[in-house]
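Me: I am new to this structure and would be grateful for a close look at a single part of it. Could you begin with one salt bridge and then describe what surrounds the strands involved?

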Amino acid sequence: EMSVDGRYIAGVVDSQVVVWDVGSGEKVSSLKLEDERAQFQFSTNSDRLVISSGDRTELLDVDTGKSVRLDVPANHLIALSFPPDGRIIVTTSRILDSERPFLGEEPNFTRGEITVWDAATGRALRQIELDDPVYSSALSPDGTRLATTGYDGSVTVWGIK
(Lines give C-alpha, C1' and ligand atoms only; values in the text may rest on other atoms or scores of the structure.)
Protein backbone atom coordinates (compact mmCIF):
# COMPACT_ATOMS: atom_id res chain seq x y z
CA GLU A 1 0.00 0.00 0.00
CA MET A 2 1.30 3.45 -0.87
CA SER A 3 0.19 6.61 0.91
CA VAL A 4 -1.94 9.09 -1.04
CA ASP A 5 0.91 11.62 -1.20
CA GLY A 6 3.48 8.97 -2.21
CA ARG A 7 5.60 9.58 0.93
CA TYR A 8 5.23 6.13 2.48
CA ILE A 9 4.86 2.52 1.44
CA ALA A 10 3.69 -0.32 3.70
CA GLY A 11 4.10 -4.08 3.39
CA VAL A 12 4.34 -7.29 5.38
CA VAL A 13 7.80 -8.55 6.41
CA ASP A 14 8.38 -11.35 8.95
CA SER A 15 4.89 -11.14 10.52
CA GLN A 16 5.01 -7.35 10.79
CA VAL A 17 3.52 -4.46 8.86
CA VAL A 18 6.46 -2.21 8.05
CA VAL A 19 6.20 1.40 6.84
CA TRP A 20 9.09 2.91 4.87
CA ASP A 21 9.80 6.47 3.80
CA VAL A 22 9.89 6.30 -0.01
CA GLY A 23 12.40 9.16 -0.39
CA SER A 24 15.01 7.88 2.05
CA GLY A 25 14.23 4.16 1.95
CA GLU A 26 14.34 4.16 5.78
CA LYS A 27 11.99 2.13 7.95
CA VAL A 28 9.66 4.57 9.74
CA SER A 29 7.50 2.27 11.91
CA SER A 30 6.17 -1.25 12.25
CA LEU A 31 3.48 -3.30 13.97
CA LYS A 32 3.43 -7.03 14.75
CA LEU A 33 0.63 -8.97 13.07
CA GLU A 34 -1.47 -11.83 14.42
CA ASP A 35 -2.55 -12.79 10.89
CA GLU A 36 -0.40 -12.13 7.80
CA ARG A 37 -3.47 -11.69 5.58
CA ALA A 38 -3.65 -8.05 6.65
CA GLN A 39 -5.21 -5.26 4.67
CA PHE A 40 -3.87 -1.70 4.92
CA GLN A 41 -5.19 1.74 4.19
CA PHE A 42 -3.39 5.05 4.68
CA SER A 43 -5.33 8.08 5.90
CA THR A 44 -5.93 10.93 3.46
CA ASN A 45 -3.06 12.98 4.91
CA SER A 46 -0.77 9.89 5.16
CA ASP A 47 -0.08 10.21 8.90
CA ARG A 48 -1.97 7.06 9.93
CA LEU A 49 -2.25 3.52 8.64
CA VAL A 50 -5.21 1.28 9.43
CA ILE A 51 -4.35 -2.40 9.57
CA SER A 52 -7.11 -5.02 9.49
CA SER A 53 -5.97 -8.55 10.17
CA GLY A 54 -8.35 -11.29 11.24
CA ASP A 55 -10.70 -9.76 13.80
CA ARG A 56 -8.17 -7.08 14.78
CA THR A 57 -8.27 -3.50 13.49
CA GLU A 58 -5.48 -1.14 14.55
CA LEU A 59 -4.60 2.43 13.75
CA LEU A 60 -0.84 3.04 13.50
CA ASP A 61 0.54 6.58 13.84
CA VAL A 62 3.21 6.49 11.12
CA ASP A 63 5.47 9.12 12.71
CA THR A 64 5.44 7.90 16.33
CA GLY A 65 4.95 4.16 15.76
CA LYS A 66 2.20 4.12 18.41
CA SER A 67 -0.96 2.18 17.68
CA VAL A 68 -4.48 2.02 19.05
CA ARG A 69 -6.92 -0.80 18.55
CA LEU A 70 -10.45 -0.16 17.32
CA ASP A 71 -12.87 -2.42 19.16
CA VAL A 72 -14.65 -3.66 16.04
CA PRO A 73 -16.72 -6.80 16.77
CA ALA A 74 -15.64 -9.92 14.87
CA ASN A 75 -19.01 -10.24 13.11
CA HIS A 76 -18.66 -6.81 11.43
CA LEU A 77 -17.32 -6.34 7.89
CA ILE A 78 -16.11 -2.74 7.89
CA ALA A 79 -15.18 -0.03 5.42
CA LEU A 80 -13.08 2.91 6.65
CA SER A 81 -13.25 6.61 5.85
CA PHE A 82 -10.77 9.29 6.93
CA PRO A 83 -12.03 12.87 7.31
CA PRO A 84 -9.35 15.45 6.40
CA ASP A 85 -8.64 16.66 9.96
CA GLY A 86 -7.37 13.23 11.10
CA ARG A 87 -8.92 13.39 14.57
CA ILE A 88 -11.61 10.84 13.77
CA ILE A 89 -12.15 7.76 11.65
CA VAL A 90 -15.53 6.64 10.39
CA THR A 91 -16.40 2.98 9.83
CA THR A 92 -19.48 1.58 8.16
CA SER A 93 -20.33 -2.03 8.87
CA ARG A 94 -22.27 -4.93 7.53
CA ILE A 95 -23.14 -7.15 10.48
CA LEU A 96 -23.46 -10.92 10.18
CA ASP A 97 -26.56 -12.56 11.63
CA SER A 98 -25.30 -14.23 14.82
CA GLU A 99 -27.84 -17.07 14.56
CA ARG A 100 -27.36 -17.80 10.83
CA PRO A 101 -24.07 -16.20 9.72
CA PHE A 102 -24.18 -17.97 6.35
CA LEU A 103 -26.95 -18.85 3.94
CA GLY A 104 -25.37 -21.65 1.97
CA GLU A 105 -21.90 -20.30 1.18
CA GLU A 106 -22.90 -16.61 1.23
CA PRO A 107 -22.56 -14.37 4.31
CA ASN A 108 -25.90 -13.39 5.85
CA PHE A 109 -25.56 -9.67 6.61
CA THR A 110 -28.74 -8.51 8.33
CA ARG A 111 -27.89 -5.18 10.00
CA GLY A 112 -25.52 -2.26 9.67
CA GLU A 113 -23.70 0.27 11.80
CA ILE A 114 -21.92 3.60 11.43
CA THR A 115 -19.24 4.32 14.04
CA VAL A 116 -17.20 7.48 14.56
CA TRP A 117 -13.89 6.72 16.34
CA ASP A 118 -11.38 8.92 18.14
CA ALA A 119 -8.18 8.43 16.10
CA ALA A 120 -5.91 9.10 19.10
CA THR A 121 -7.51 6.65 21.55
CA GLY A 122 -9.42 4.17 19.38
CA ARG A 123 -12.54 4.86 21.45
CA ALA A 124 -15.96 4.85 19.78
CA LEU A 125 -17.40 8.36 19.99
CA ARG A 126 -20.75 7.69 18.32
CA GLN A 127 -22.53 4.62 16.96
CA ILE A 128 -25.63 4.50 14.83
CA GLU A 129 -27.26 1.08 14.50
CA LEU A 130 -29.08 0.46 11.24
CA ASP A 131 -31.83 -2.03 10.44
CA ASP A 132 -30.18 -2.90 7.12
CA PRO A 133 -26.56 -3.60 6.09
CA VAL A 134 -24.49 -0.77 4.59
CA TYR A 135 -23.67 -1.79 1.02
CA SER A 136 -21.22 1.05 0.37
CA SER A 137 -20.23 4.44 1.74
CA ALA A 138 -18.45 7.60 0.67
CA LEU A 139 -17.18 10.56 2.66
CA SER A 140 -17.50 14.10 1.28
CA PRO A 141 -14.13 15.76 0.46
CA ASP A 142 -14.52 18.19 3.39
CA GLY A 143 -15.33 15.30 5.79
CA THR A 144 -18.65 16.74 6.96
CA ARG A 145 -21.04 14.25 5.32
CA LEU A 146 -21.16 10.50 4.80
CA ALA A 147 -23.38 8.91 2.16
CA THR A 148 -24.39 5.27 2.62
CA THR A 149 -26.28 2.92 0.36
CA GLY A 150 -28.36 -0.05 1.38
CA TYR A 151 -29.06 -3.31 -0.40
CA ASP A 152 -32.48 -1.93 -1.34
CA GLY A 153 -30.85 0.86 -3.38
CA SER A 154 -31.62 3.61 -0.86
CA VAL A 155 -29.10 6.40 -0.24
CA THR A 156 -28.83 8.22 3.10
CA VAL A 157 -26.62 11.24 3.79
CA TRP A 158 -25.38 11.61 7.37
CA GLY A 159 -23.76 14.60 9.07
CA ILE A 160 -20.36 13.92 10.66
CA LYS A 161 -19.51 16.05 13.70
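Reply: A salt bridge joins the side chains of D61 and R48, with 2.9 Å from N to O; the term stands for a side-chain nitrogen of Lys or Arg within 4 Å of a carboxyl oxygen of Asp or Glu. D61 belongs to strand β6 (residues 56-61) and R48 to strand β5, so the pair ties together parts that are 13 residues apart in sequence. Strands here are DSSP runs of E, at least two residues long, numbered from the N terminus.

The model is a predicted one, in which local features need pLDDT of at least 70 and side-chain atom pairs count only at pLDDT 80 or more, while totals for chains, interfaces and linings use all residues. Residues are numbered from 1 along each chain as its sequence is written, and side-chain values use heavy atoms, with hydrogens and water left out.

Are the two partners buried or exposed? D61 has 18% relative accessibility and therefore counts as buried; R48, at 16%, counts as buried as well. Buried means under 20% relative accessible area, exposed over 50%, and partly exposed in between, with a 1.4 Å probe and protein chains only.

The count of salt bridges comes to two. The other pair is E58 and R56, whose side chains meet at 2.2 Å, N to O. Both of these residues are buried.

Strand β5 also leads to the nonpolar interior. It spans 48-53 and, like β1 (8-13), β2 (16-21) and β4 (39-42), supplies at least two residues of the largest nonpolar core. That core has 13 residues, and those with the most contacts inside it are V17, V19, F42, L49 and I51. A nonpolar core is a set of buried Ala, Val, Leu, Ile, Met, Phe, Trp, Tyr and Cys residues joined through side-chain atoms within 4.5 Å. In soluble globular proteins, nonpolar side chains tend to be buried together.

V17 shows how these parts meet. Leaving aside residues up to four places away in sequence, V17 touches A10, G11, S29, S30, L31, L33, F40, L49 and I51, where contact means heavy atoms within 4.5 Å. Apart from the largest core lies another, of 10 residues, including V50, L70, L80 and A119.

Methods
Helices (H or I, at least four residues) and strands (E, at least two) are DSSP runs, numbered from the N terminus.
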